Amino acid sequence: MTQPNEESKDYIKGELLHLIFHNEESLYTVAKIRVNQSSEKLEDKEVTVVGMMTEPEKDVTYMFTGQFSDHPRFGRQYKFDQFQKVIPETEQGIILYLSSDRFPGIGKKTAEMIVNELGINCISVILENPSVLESVPKLKQEKASHVYKTLLEDQGIEQVLLKLYKYGFGIQLAMKVYKAYQVEALEIISSNPYKMVEDIEGIGFAKADLIGKKQGLTGNHPDRLKAAVLFVLQEQSLSEGHVFALNETVVSEAKMLLEKDSGDEISPLDIADQVIALGEEGKIIVEKEKMYLPSLYFAEQGIATNLNRLMASKNELDEYPESEFLKALGEVEEELGISYAPSQKEGIQEALHSPLMILTGGPGTGKTTVIKGLIEVFAILKGVSVSPDDYKNKKKPFPIVMAAPTGRAAKRMSESTGLPSSTIHRMLGYKGEGNGYFEKDEDEQIDGDVLIIDEMSMVDTWLANQLFKAVPDNMQVIFVGDEDQLPSVGPGQVFSDLLESGAVPAVRLTDIYRQSEGSKIIEFSHQIKDGELPASVDQQSRDLRFFPCGPDKVPEAVKQICERAMTKGFTARDIQVLAPMYRGVAGVENLNDILQTLFNPKSDQRREVPFGNVVYRTGDMVLQLVNNPEDNVFNGDRGEIVSIKTERETSEKQLEIIISFDGLEVTYTKPDLTQITHAYCCSIHKSQGSEFPIVIMPVVKSYYRMLRKKLIYTGVTRAKNFLLLCGDWKALEIAVESNREEIRQTTLKEKLINGLEKENTNESAGAAKD
Ligand SMILES: Nc1ncnc2c1ncn2[C@@H]1O[C@H](COP(=O)(O)OP(=O)(O)OP(=O)(O)O)[C@@H](O)[C@H]1O
């Protein structure tokens, strides 16, 4: 890629007249410019330019390289792939630039005075020696230093961007680099471009190596080797979900990466030397044959330490005689009108006796029923109220704290128990986006007597560590989950490690209770889990159907199933289509397109906002993609666009999109739309923790990489009333029979078992002494 210059084939140069749209996150920009120079003769000098741009400013002259194209809706536009601010050369241009919004407080008169005093080369003169500004009459010191700083900044961004363009970086990544290093950017990039692999999300080894190569950092240069090692380890954790990687794997993958396209032969011993160096610098942790990112290593250790601390607090728990427990349970059974099965009884009793407890079981096995019973029995035995109203205006906190990893799972918990519940992030006082922080930790722990965490299988190693830290000694914790579901999206498999370690008492519920007449969904879920798929689906079943079709016919089949549901009065709110992949005809993106047209077609009555490749419309179902604790909206929450207000209709004079999340209305501006996507169809991973009245799930062989039992089981168990499958039965068989389950490398189980052994040794030593 070349930097824009007038010899480039296609360029236009002109002053920015009007900014039509600019998203600070994605940098997507639409602007009107008045062209004063261009590679081809233009009839109309006012041109709409579209592309990615940092901080576009009115009245500033830019040069764009790209091409004209005809947009079906917006007409002729210039699509640029590079832009460059043109530092003005004419007197008029310099005055316009210095009096633009970029230099607040500098009006046209002052700008004229600067040029009069310092001449036409004033910009380079100021950059060379800012004290020359002192000679400009009436220019206060504060404003003068602001002028210098802004000029420096513009130069900084310009230089970094130009250099990165040369290296083939897109504007978005180039801007990230600038944001991370500011004025030091060029120095860091030229001395050690590989540092970007560590510091900047989205810059992988290959990108950094491209720059490194131009800098002459080839072959087995230590910085290059270190970057490759770190990159492989990051990939192993963030993409594959491992907590550690074997040294051997990292070294051999790093070797492949380093040798790829370079013709170099890199010795594994040289890589191993850099592994040691990285360990000494604290950037990785190496323990025998395993290598960890420090944050994951310490998170596992934190979980194990806090788990031991909590298990050791059992002496402080109240003990209840069996007879008292049975009496209380009897009262609860009478009140709820059920009789608890032995394993369910054991669940309640264990939860009362142990500081930590795991309750696991598939759908309909009575997990919620056990939780309800536990809360009631707890209230009787402790002689406390579990009615939130009784705690209003009182200092004492509500004794039962309930939380789940997603907003929808938390809401379900609240609905089934009638008690308050929140997301784990909210309970822990999470603040900010991305690299935010938690208010609750070892110094400020959670208040309450009993903590119940639902959907524990979705909690990753980092969040589990934060959670365990924040639990006080005297609090009893019950982890509820389904061990057969997918592991967390983030690294680790905390729930199954806890279960398999035996460090926490666990009660497994296996008998199915929820099975009304003719219902097949739950039975089918258990058949999938047990690897015993029936030969076909009983087409007489009220709530489970299979519609055979080829992969290309999936969109049509899904559409027809939805149309049929619509004729029966169901709406998009009741239906969730689940697909395991994003791309392709049967992928999430294409299905969302088709379903939006079906459920919420274009209409004069519905306002629209175009955004990237999609259009958001009033009435659209949308899915939140990131945690937004300020507005109490979390990753995975489903909402509906209830209104779109134009710039003229809002006090802030910017477009507003109002989304209702089960009645909670949140306002989004246009840049915030990067936080959402259409929700008609979503991935199975994104659906974890939610249930829907109707689930439609295509399963075809083209999803091959994704044909895994846990994934299919997780999808199927999202259906509450109807499960409608389409595709190829054979693909379903492949998934259910496959033992290609993801194996995550973690050491939590080992750390927990070691902790247990240590405790047992201490106990027996103590007993021997006694
Ligand atoms: N011992 C029991 N006797 C009679 N009915 C029971 C018993 N245990 C549970 N049930 C009933 O079975 C149904 C499913 O129970 P519950 O909702 O507690 O299961 P769950 O494991 O939480 O299911 P899911 O994960 O699907 O929400 C409920 O209608 C519940 O009343």
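These legends walk you through views of one protein, shown as a predicted model.

**View 1. The whole protein, with its 26 helices and 28 strands.**
Start here to get your bearings. The radius of gyration is 31 Å, close to the 27 Å that the globule rule gives for 770 residues, so the protein is as compact as a globular protein of that length. Along the principal axes, the C-alpha atoms fill a box of roughly 95 × 70 × 65 Å. Of the 770 residues, 41% are buried. Among contacts with a separation of 6 or more, 67% come from residues 24 or more positions apart.

**View 2. A closed barrel built from 5 strands.**
Follow the strands around in the order 1-2-3-5-4, and you will find that their pairing is mixed. On average, neighbouring strands of this sheet are turned by 50 degrees against each other, direction ignored.

**View 3. Strand 1 beside strand 4.**
Here we zoom in on one pair from the barrel. Strand 1 covers residues 11-22 and strand 4 covers residues 61-71; the two run antiparallel and are joined by 5 bridges. To find your place, look for Ile12, which stands opposite Phe64 in strand 4.

**View 4. Helix 9 packed against helix 11.**
Helix 9 (residues 222-238) meets helix 11 (residues 268-280) at an angle of about 75 degrees, and their axes are 9 Å apart. Because angles of 65 to 115 degrees count as roughly perpendicular, that is how helix 9 sits relative to helix 11. From helix 9, the contact uses Pro222, Leu225, Lys226, Val229 and Leu230. Helix 11 brings Asp270, Ile271, Gln274, Val275, Ala277 and Leu278. Sorted by class, this contact has 8 nonpolar, 1 polar and 2 charged residues.

Notes:
Residues numbered from 1 in each chain as written. Predicted model: local features only at pLDDT ≥ 70, side-chain atom pairs only at ≥ 80, totals over all residues. Pairing = 2+ DSSP bridges. Helix = DSSP H or I, 4+ residues; strand = E, 2+ residues; numbered from the N terminus. Axes fitted to C-alpha atoms, helices over the stretch in contact; angles between N-to-C directions. Parallel < 35°, antiparallel > 145°, perpendicular 65-115°, else oblique. Contact = placed C-beta atoms within 7 Å. Nonpolar A, V, L, I, M, F, W, Y, C, P; charged D, E, K, R; others polar. Rg over C-alpha atoms; globule rule 2.2 N^0.38 Å. Buried ≥ 20, exposed ≤ 12 C-beta atoms within 10 Å, placed from the backbone.
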